[in-house]
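Grab a pencil and work through these short exercises with the model open beside you. Each task comes with a solution that goes step by step.

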Amino acid sequence: MQTTTTTEQTSGPNVAQRRVFSGVQPTGDPQLGNYLGAFKGWVDRQDEKENFFCVVDMHAITVDHDPAELVRQTRELAAVLFACGINPEKSTLFVQSQVSAHAEACWILNCFTPLGWLERMTQFKDKSAGRGSVSTGLLDYPVLMAGDILLYSAHEVPVGDDQKQHVELARDIAQRFNNIFGDIFVVPEPVIQEVGARVMGLNDPVAKMSKSYSHIRGHAVRILDDPKEIQRSIMRAVTDSGNEIRFSNDPEKAGVNNLLEIYRVITGKSEGDVETDFTDARGYGDLKKRVAEAVIEELAPIRNRYNELIDDITELDRLLAVGADHARSISEPKLEEMKRAVGFALPDRTRSSTR
Ligand code: TRP
């Protein structure tokens with residue numbers, strides 16, 4: 001499989017602005033790591049590029065799930081994203097299952113994706129390890145994801161390290177399809193988000209803070225936690241037995257480093273300025289108190305906006321329907337191109353329009 005990052009993405013359809021496609025699964029509780037590592041950057045970037053944000057509920061059913069929870073978490077995540085500042089006037093935020101082109105594109109792409117490519121995916125190997133039976137959907141997950149990206153002719157796909165291999169697979173699939181059928185797809189690039197890309201667990205600062213563990217007490221700050229809960233989690237964060245407040249790669253100091261990193265991303269300050277801010281701090285207790293204050297100040301307005309949005313489900317659903325309409329206006333023509341390319345007998349538009 002080819003995993004080079006050469007840029008020949010001028011091929012394919014013309015898109016005036018750089019397109020960005022981001023997907024996020026509605027599983028677990030959205031937490032500070034998601035916010036600082038992803039959502040905050042997405043919000044800040046809205047003016048520069050044309051953005052599609054997709055709540056990928058179809059990916060969420062590839063493993064065991066509770067339907068009632070999925071509905072709730074899909075709306076919750078959408079509301080959190082709006083509350084964080086995704087602006088429906090500037091960006092397209094939608095729910096994957098509301099746009100049927102994703103499932104259809106997945107089928108077509110399946111038929112051009114060698115099975116071996118999927119069996120090699122490390123996330124599939126991890127998620128299926130030790131399980132007696134896994135769904136076909138779990139194996140096919142990266143093809144659905146490739147469809148998400150390719151339907152929108154996205155140039156850039158911001159992801160964490162763990163998803164880079166899937167974006168590379170989407171490139172391989174796009175290139176293979178283009179080789180067979182001509183320039184249909186933009187070949188996307190993974191963009192690994194630098195800023196705050198790795199917020200670590202508070203209870204275990206050498207492991208990335210994750211939605212999947214957010215139920216474990218003391219692991220994460222959830223975006224929707226109230227100020228008291230945030231304060232409590234941060235005050236309990238694991239640190240070392242020393243007293244030096246500085247950035248460090250020493251695994252021993254990972255806890256302090258993580259707290260400083262959280263503070264740095266929230267304040268937008270340089271590492272030097274952050275350390276200066278804490279020269280007068282009295283020990284780690286003081287450090288934690290100030291980091292907690294910064295986090296509370298950042299998250300409180302988000303929580304308030306979230307509460308307003310989730311109070312009015314009709315309005316939230318309307319916003320999502322508008323997003324899905326716009327998503328369809330982009331993805332449906334691309335899907336049609338795919339269908340014609342592989343030889344599906346769609347009504348011939350040129351002929352019917354001249355009669
Ligand atoms: N697999 C991604 C994750 O778990 C979510 C995702 C689905 C995605 N489709 C996508 C991310 C398309 C980027 C682009 O994080």
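**Exercise 1.** Work out how helix α3 and helix α12 are oriented to each other.

*Solution.* Start with the angle: in this predicted model, α3 (residues 67-84) packs against α12 at about 130°, and their axes are 8 Å apart. Axes here are lines fitted to C-alpha atoms, for helices over the stretch in contact, with angles from 0 to 180 degrees between N-to-C directions. Next, sort the angle: under 35 degrees is roughly parallel, over 145 roughly antiparallel, 65 to 115 roughly perpendicular, and the rest oblique. α3 and α12 are therefore oblique to each other. Their crossing is right-handed (the near helix is turned clockwise from the far one by less than a right angle; anticlockwise would be left-handed).

Now find who touches whom, where contact means heavy atoms within 4.5 Å. α3 brings Arg75, Glu76, Ala79, Val80, Phe82, Ala83 and Cys84, while α12 offers Ile302, Arg305, Tyr306, Leu309 and Ile310. By class, that's nine nonpolar, no polar and three charged residues. (Ala, Val, Leu, Ile, Met, Phe, Trp, Tyr, Cys and Pro count as nonpolar, Asp, Glu, Lys and Arg as charged, and the others, Gly among them, as polar.)

**Exercise 2.** Do the same for α9 and α12: what is their packing angle?

*Solution.* Helix α9 (residues 227-235) meets helix α12 (residues 283-311) at about 150°, with 9 Å between the axes. That makes α9 roughly antiparallel to α12. α9 passes α12 in a right-handed crossing. From α9 the contact takes Pro227, Ile230, Gln231, Ile234 and Met235; from α12 it takes residues including Gly285, Lys288, Val291 and Arg303. Sorted by class, the α9 and α12 contact holds nine nonpolar, two polar and three charged residues.

**Exercise 3.** Which residues join α7 to α8?

*Solution.* First the geometry: α7 (residues 136-151) and α8 (residues 164-181) pack at about 70°, axes 9 Å apart. That makes α7 roughly perpendicular to α8. Then the contact: Tyr141, Pro142, Val143, Met145, Ala146, Ile149 and Leu150 of α7 face His166, Val167, Leu169, Ala170, Ile173 and Ala174 of α8. Twelve of these are nonpolar, one is polar and none is charged.

**Exercise 4.** Where does pLDDT stay under 50?

*Solution.* pLDDT is the predictor's confidence in each residue, from 0 to 100. The chain's mean is 91, and 92% of its residues reach 70 or more. Over residues 1-13, though, pLDDT stays under 50. Where pLDDT is low, the predicted coordinates should not be read in detail.

**Ground rules.** Residues are numbered from 1 along each chain as its sequence is written. In this predicted model, local features need pLDDT of at least 70, side-chain atom pairs count only at 80 or more, totals for chains, interfaces and linings use all residues, and side-chain values use heavy atoms, leaving out hydrogens and water. Helices (H or I, at least four residues) and strands (E, at least two) are DSSP runs, numbered from the N terminus.
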